[in-house]
Amino acid sequence: MKHKYKWLCVLALISAATFAGCAAIPEEDADNPAWDEEIVAPDDSPVDGPAETPEDEVVEEEPQINLVMYIKVTGDGVNIRSGPGSNYKSLGTAEKNTLYASEGRHGNWYKTYYKGMEAYIYKDYCILVDFESASEEVEEVIAEGTKHMGVKYVYGATRYHNGNGKLLSGFTTQAFDCSSLMQYIFKVTADINLQMTTRTQVVQGTTVKDGLKRGDLMFFTNAQRKNKTGVERIGHVALYLGGNYILHTASDYAKIEQISSTRWSYFIQAQRMI
């Protein structure tokens, strides 16, 4: 009886310990198969923080080049009309290989400016030409100049101002010579007071020694003045656009055209006003 009683006590103690151990496992994790699994962190990630990410690579963007578009006329005597259609009035005709500012397409017609007015040229008589743009101030000067294509050349045309900004009576945008055209467009856009003749304008600004840039003024001699000396040699001025093109007026009307070999032989120097 003593041995039987001892074994009953041992069995009771074992049962109590087993019951207590089972009760120590939380109920919500009792059926979780991962309960006894070891948590192993990735080799490159600490357990107590997010994985480190490599620094972002710096990719240098290529500089964006802004282009200014023009239309080049491919035939002689092409009509320049007041609206985008052949039923609109002809304002004049375009000379082959001359350029006009492109204001975009309206159907089959390119919008531009002619003698200060909105104008249109049929697309089949044009090809697009582009120039790399300069500073905003230079582009404003050039844009003003392109509005006056076709305006007749008048030797000694009344200037816009007296060289110091005082406006002169009798001035009109329907008559320019080379220096009066340059004086006008620089004043109304950049508020730069160019003098009244090519021989006084050539000493203004900074003499170009690092290559021509869009917006530079180019000064030339001519057949009548080529044997003179100093500033007396100067007889013509034009605005350089790039690609061997100039905006100017000489003997007929204001236009954008390429510099001929003859005109290059007359070139004296260039001045940068902006």
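This section describes the overall composition, the nonpolar cores and helix α3 of a predicted model.

The protein chain contains five helices and 14 strands. Of its 274 residues, 37% count as buried. Its accessible surface comes to about 16,900 Å², and carbon and sulfur atoms account for 50% of that area. Among contacts between residues at least 6 apart in sequence, 59% join residues that are at least 24 apart.

The largest nonpolar core comprises 46 residues. Within this core, the members that touch the most others are Tyr 100, Met 182, Phe 186, Leu 217 and Leu 239. Helix α3, spanning residues 178–190, supplies the largest share of the core, with seven residues. A second core, separate from the largest one, has six residues, among them Met 218, Phe 220, Tyr 240 and Ile 246.

The surroundings of Leu 239 were examined with residues up to four places away in sequence left out of the count. On this basis, Leu 239 touches Met 182, Ile 185 and Phe 186, three residues that are buried in α3. Leu 239 also touches Val 141 and Ile 142, as well as Gly 215, Asp 216 and Leu 217. The remaining contacts of Leu 239 are with Tyr 245, Ile 246 and Leu 247. Of these, Ile 246 is a member of the second core.

Helix α3 has 13 residues, and the distance from its first C-alpha to its last is 18 Å, close to the 18 Å expected at 1.5 Å a residue. The helix is mostly covered, with eleven of its 13 residues buried. The buried positions comprise Cys 178, Ser 179, Ser 180, Leu 181, Met 182, Gln 183, Tyr 184, Ile 185, Phe 186, Lys 187 and Ala 190. The cover over these buried residues includes two helices, α2 (136–146) and α4 (198–201). It also includes the strands β10 (217–220), β11 (236–242), β12 (245–249) and β13 (254–258). After α3 comes Asp 191, which has a positive phi, near 55°.

Two cysteines were considered individually. Cys 178, in α3, has a relative accessibility of 6% and therefore counts as buried, the cut-off being under 20%. Cys 126 has a relative accessible area of 9%, so this residue is likewise buried by that cut-off. The structure holds zero disulfides.

Notes. Residues are numbered from 1 along each chain as its sequence is written. This is a predicted model: local features need pLDDT of at least 70, side-chain atom pairs count only at pLDDT 80 or more; totals for chains, interfaces and linings use all residues. Side-chain values use heavy atoms; hydrogens and water are left out. A nonpolar core is a set of buried Ala, Val, Leu, Ile, Met, Phe, Trp, Tyr and Cys residues joined through side-chain atoms within 4.5 Å. Buried means under 20% relative accessible area, exposed over 50%, partly exposed in between (1.4 Å probe, protein chains only). Helices (H or I, at least four residues) and strands (E, at least two) are DSSP runs, numbered from the N terminus. Contact means heavy atoms within 4.5 Å. Accessible areas come from the Shrake-Rupley method with a 1.4 Å probe; for residues, only the protein chains shown count as cover. A disulfide is a pair of cysteine sulfur atoms within 2.5 Å. The expected span of a helix is 1.5 Å times one less than its number of residues.
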